[in-house]
Amino acid sequence: MIEIKKTPVEKVTFDGFNYLIKRDDLSDSRFSGNKARKLYYFLNLDFKNFKKIISHGSPQSNAMYSISHLAKIKGVGFEYFVDHIASYLEQNPCGNYKYAKENGMKITVGDFPKSIKDDELFIPEGGHFAQAEVGVKILADEIRDMDVDIFLPSGTGTTALYLQKHLKQKVYTCACVGDANYLKKQFFQLEKDEALHPTILSLSKKYHFGKIYCEFFEIWVKLKDETGIEFELLYDPLGWMNIQKHQVHFQKEILYIHQGGLIGNESMLLRYERLNK
Ligand SMILES: *Cc1c(COP(=O)(O)O)cnc(C)c1O
């Protein structure tokens with residue numbers, strides 16, 4: 001059995017309010033935060049019938065990096081399909097892309113295969129699949145007894161959904177990829193009972209996933225200065241901006257789930273640097 005160690009909870013103050021931070025970024029250095037939870041089921045699966053993992057998505061994805069580790073640990077191949085790779089990234093590999101390639105990932109530009117062979121394992125983009133429930137439930141067990149409101153930003157919404165499904169506390173989230181309608185659809189794909197869905201918060205301005213914004217960088221720096229914790233640059237800034245905007249709605253102290261993804265910051269910080277030149 002491969003176990004994920006229980007992660008600590010830290011008290012911080014940010015912008016005049018107290019928060020608890022679940023340091024799930026510290027769960028496993030090889031896996032990126034919540035991806036360790038989402039891939040937990042596969043970590044403990046017998047791979048003797050599989051030769052290769054197939055997945056697809058963006059060439060900078062945190063999930064891609066984590067799957068490359070899974071493939072390495074299990075001694076199988078990993079082929080990852082992307083629509084496009086920026087030539088800048090190909091020539092200057094960094095972040096998730098660089099480390100996933102070092103783990104043996106084969107990257108292919110083009111559509112992912114429509115049919116998967118018996119000895120191949122297909123993992124959907126971003127780890128949006130029912131098997132993720134097993135590992136996310138273990139995260140839920142670790143925070144079950146806390147008297148808090150819970151907040152975590154969503155990509156596919158898989159982590160937030162399974163947390164709410166397994167917890168009595170209120171789970172709040174925001175859509176970082178697509179809008180609230182997209183996120184709601186993602187929830188419905190995994191769970192028909194709407195009563196088990198997290199509550200979606202939003203901002204009036206629309207932010208596009210993967211783009212860089214001055215206000216994201218500013219709040220990221222402020223978080224680092226005031227809490228001493230490095231957050232991630234794609235999801236967490238939007239998460240904290242939503243918390244600031246909706247502060248009055250929370251009944252209890254917020255437990256913020258830090259979902260890792262710090263390796264992705266390497267390439268994001270380079271983009272913010274280029275912006276400042
Ligand atoms: C993948 C990821 C998310 C989104 O997780 P979902 O389960 O897809 O909603 C959020 N934050 C970080 C840092 C991530 O790597």
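A salt bridge here is a side-chain nitrogen of Lys or Arg within 4 Å of a carboxyl oxygen of Asp or Glu. This is a predicted model: local features need pLDDT of at least 70, side-chain atom pairs count only at pLDDT 80 or more, and totals for chains, interfaces and linings use all residues. Numbering starts from 1 along each chain as its sequence is written, and side-chain values use heavy atoms, with hydrogens and water left out.

**Stop 1: a salt bridge between strands**

Select lysine 52 and glutamate 79. Their side chains form a salt bridge, 2.9 Å from N to O. Lysine 52 sits in strand 3 (52–56) and glutamate 79 in strand 4 (77–82), so the pair ties together parts that are 27 residues apart in sequence. Strands are DSSP runs of E, at least two residues; helices are runs of H or I, at least four; both are numbered from the N terminus. The salt-bridge count comes to 20.

**Stop 2: the two domains**

Colour 9–28 + 129–275 as domain 1 and 37–127 as domain 2. The bounds come from an automatic or database domain assignment. Over C-alpha atoms, the domain centres are 24 Å apart. The contact (heavy atoms within 4.5 Å) takes 22 residues from domain 1 and 19 from domain 2.

About 1,700 Å² is buried between domain 1 and domain 2, with carbon and sulfur atoms giving 62% of that area. Buried area is the accessible area (1.4 Å probe) that two parts lose on being put together, summed over both. Now select Phe129, Ile263 and Glu266. They supply 33% of the area that domain 1 buries against domain 2, more than any other three residues.

**Stop 3: across the interface**

Two salt bridges cross between domain 1 and domain 2. Next, show aspartate 24 and arginine 37: they form a salt bridge, with the closest N and O atoms 2.6 Å apart. On the side of domain 1 that touches domain 2, helix 6 (132–143), helix 7 (158–166) and helix 11 (263–276) each give two or more residues. Helix 6 gives the most, with seven.

**Stop 4: the ligand**

Which residues come nearest to the ligand? Of the 15 around it (a heavy atom within 4 Å), Lys35, Asn62, Gly155, Thr156 and Thr159 do. Show the side chains of three residues. A polar side-chain atom of asparagine 34 is 3.0 Å from a ligand oxygen. For threonine 156, a side-chain N or O atom lies 2.6 Å from an oxygen of the ligand. For threonine 159, a polar side-chain atom lies 2.6 Å from a ligand oxygen.

Note on methods:
Polar contact = N/O pair within 3.5 Å; in protein donor to acceptor, adjacent residues only side chain to side chain.
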